[in-house]
Amino acid sequence: MNWLTNFIPPRIRSIVGEQKEVPDNFWAKCPVCEKMLFHSDLSVNYNVCHYCNHHLRFPVKERLAMLYDGGKYEVIETPKVELDPLKFKDKERYIDRMKRSQAKTGLRDAITLAKGTIGGLDAVIAAFNFSFMGGSMGMAVGEAIVKAAEIAVKSKSAFIVIPASGGARMQEGMLSLIQMPRTMVAVEMVKDARLPYIVILTDPTTGGVSASFAMVGDVHIAEPGAQIGFAGPNVIKETVREKLPDGFQTAEHLLQHGMVDMIVPRKDMKNTLATLIGLLTQKPYKKDPKKNGKKDHADTESKGAEGEDKGSSGSERAVKSRANDNERAAALQALTHVRVAREAVLKLGRTVSDLAQGAGTASETDKKIAGQ
Ligand SMILES: [Zn+2]
């Protein structure tokens with residue numbers, strides 16, 4: 001059908017919606033163990049290789065359906081921005097490249113915003129589409145993160161960002177780099193509102209994205225084996241002219257060095273998020289029995305922070321509730337430490353911005369950047 005799909009103009013293809021990249025055959029090859037995998041098996045297993053547990057890239061639509069309760073969520077429209085303000089051209093015009101990506105993915109840009117509940121608790125998610133120009137962050141992505149943060153604050157929801165990005169979009173030059181401080185201020189608004197800001201680092205999280213909002217979460221979760229770093233390993237190797245350690249820039253390496261708080265397999269992600277949001281907001285949450293462990297394993301665990309497991313005896317319940325109290329106390333203590341540190345940094349920032357004469361700008365976020 002290639003001749004037909006090629007024949008349809010890109011604009012019409014983009015209207016049809018997100019095109020699932022249709023595989024050429026029924027198989028995919030695991031890039032790590034090189035075993036052949038059925039697409040149908042992969043989809044049941046959240047795109048995880050069932051031989052070696054390698055986490056392959058995961059389409060945003062499926063990821064959102066996996067995370068939100070009952071697979072239901074509301075897509076938030078991303079803000080419109082000027083497509084090619086610099087009239088940039090390298091091998092091809094930036095505007096042509098953009099239109100091709102829009103037609104291929106059916107998306108406006110490299111980010112999708114959604115709203116719904118996770119474990120019964122409100123959550124706004126901003127998820128990157130790596131298939132759209134390598135998930136690069138330009139004005140559209142920056143604007144979308146600001147909008148998502150504002151919606152999270154207004155609706156008192158947790159804010160979850162799921163980066164999968166090569167970094168800033170070089171075709172937008174300075175306009176893409178300025179999204180780094182803008183997104184930082186956006187997530188700061190969420191923290192000021194005392195709402196959880198959680199980052200799920202997926203493969204790859206690099207460049208300007210890892211150098212801004214992706215590394216300032218209240219909690220950093222990573223997917224197993226994800227590449228997380230700023231510059232690529234080859235660039236670093238050539239610069240420092242030293243052998244890099246094994247597993248350099250992997251989620252596991254970063255966990256050992258304190259940059260990542262936990263590595264969570266995809267199948268456990270939803271319940272981990274529900275628990276974290278519940279603990280951070282001190283609200284009762286529900287765990288999804290189907291998504292806690294293997295998909296075919298009917299686990300009956302389903303209880304909130306208040307606990308309602310009828311099977312256990314009174315003393316068992318007391319022990320569990322004490323354990324929950326301890327968990328909550330530890331989380332609150334950690335949160336207090338983070339907030340004290342953050343307030344100190346903000347104070348320092350205010351002192352610096354007092355010295356600068358900020359000009360009046362349109363949006364609230366820009367005002368905050370200018371320190372007004
Ligand atoms: Zn494999």
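## Overview

What share of the 372 residues of the protein chain count as buried? The figure is 35%. The model is a predicted one. The protein chain contains 14 helices and 9 strands. Among contacts in the protein chain with a separation of 6 or more, 64% are between residues 24 or more positions apart.

## Strand β6 and its neighbours

Strand β6 covers residues 158-162, and 5 of its 5 residues are buried. This holds for both faces of the strand: A158, I160 and I162 lie on one side, with F159 and V161 on the other, and all of them are buried.

Strand β6 pairs with two strands, β5 and β7. Strand β5, residues 121-128, is joined to β6 in the parallel sense over 5 bridges. One of the residues involved is A123 of β5, whose bridge partner in β6 is A158. Between these strands the chain passes through helix α6, residues 139-154, and the resulting β-α-β crossover is right-handed.

Strand β7, residues 197-201, also runs parallel to β6, and 3 bridges join the two. Here F159 has Y197 of β7 as its bridge partner.

## Helix α6

Helix α6 has 16 residues. From its first C-alpha to its last it reaches 22 Å, close to the 22 Å expected at 1.5 Å a residue. After the helix comes K156, which has a positive phi, near 50°.

Is α6 largely enclosed or largely open? Because 12 of its 16 residues are buried, α6 is largely enclosed by the rest of the structure. The buried residues include a continuous run in the numbering, M139, A140, V141, G142, E143, A144, I145, V146, K147, A148 and A149, and A152 is buried as well. The charged residues E143 and K147 are thus listed among the buried positions of α6.

## The nonpolar core

Which residues touch the most other members of the largest nonpolar core? In this core of 66 residues, they are I125, F159, I160, I198, L201 and I277. The largest share of the core, 9 residues, comes from α6.

Two of these residues, F159 and I160, were met above as buried residues on opposite sides of β6. I125 falls within the residue range of β5. Leaving aside neighbours within four places in sequence, I125 is in contact with L64, L67, A114, I160 and I162. Of these partners, I160 and I162 are on one side of β6.

Key. Residues numbered from 1 in each chain as written. Predicted model: local features only at pLDDT ≥ 70, side-chain atom pairs only at ≥ 80, totals over all residues. Buried ≥ 20, exposed ≤ 12 C-beta atoms within 10 Å, placed from the backbone. Helix = DSSP H or I, 4+ residues; strand = E, 2+ residues; numbered from the N terminus. Pairing = 2+ DSSP bridges. Right-handed = clockwise from strand over helix to strand, strands pointing away. Contact = placed C-beta atoms within 7 Å. Core = buried A, V, L, I, M, F, W, Y, C linked by C-beta atoms within 7 Å. Expected span 1.5 Å × (residues − 1).
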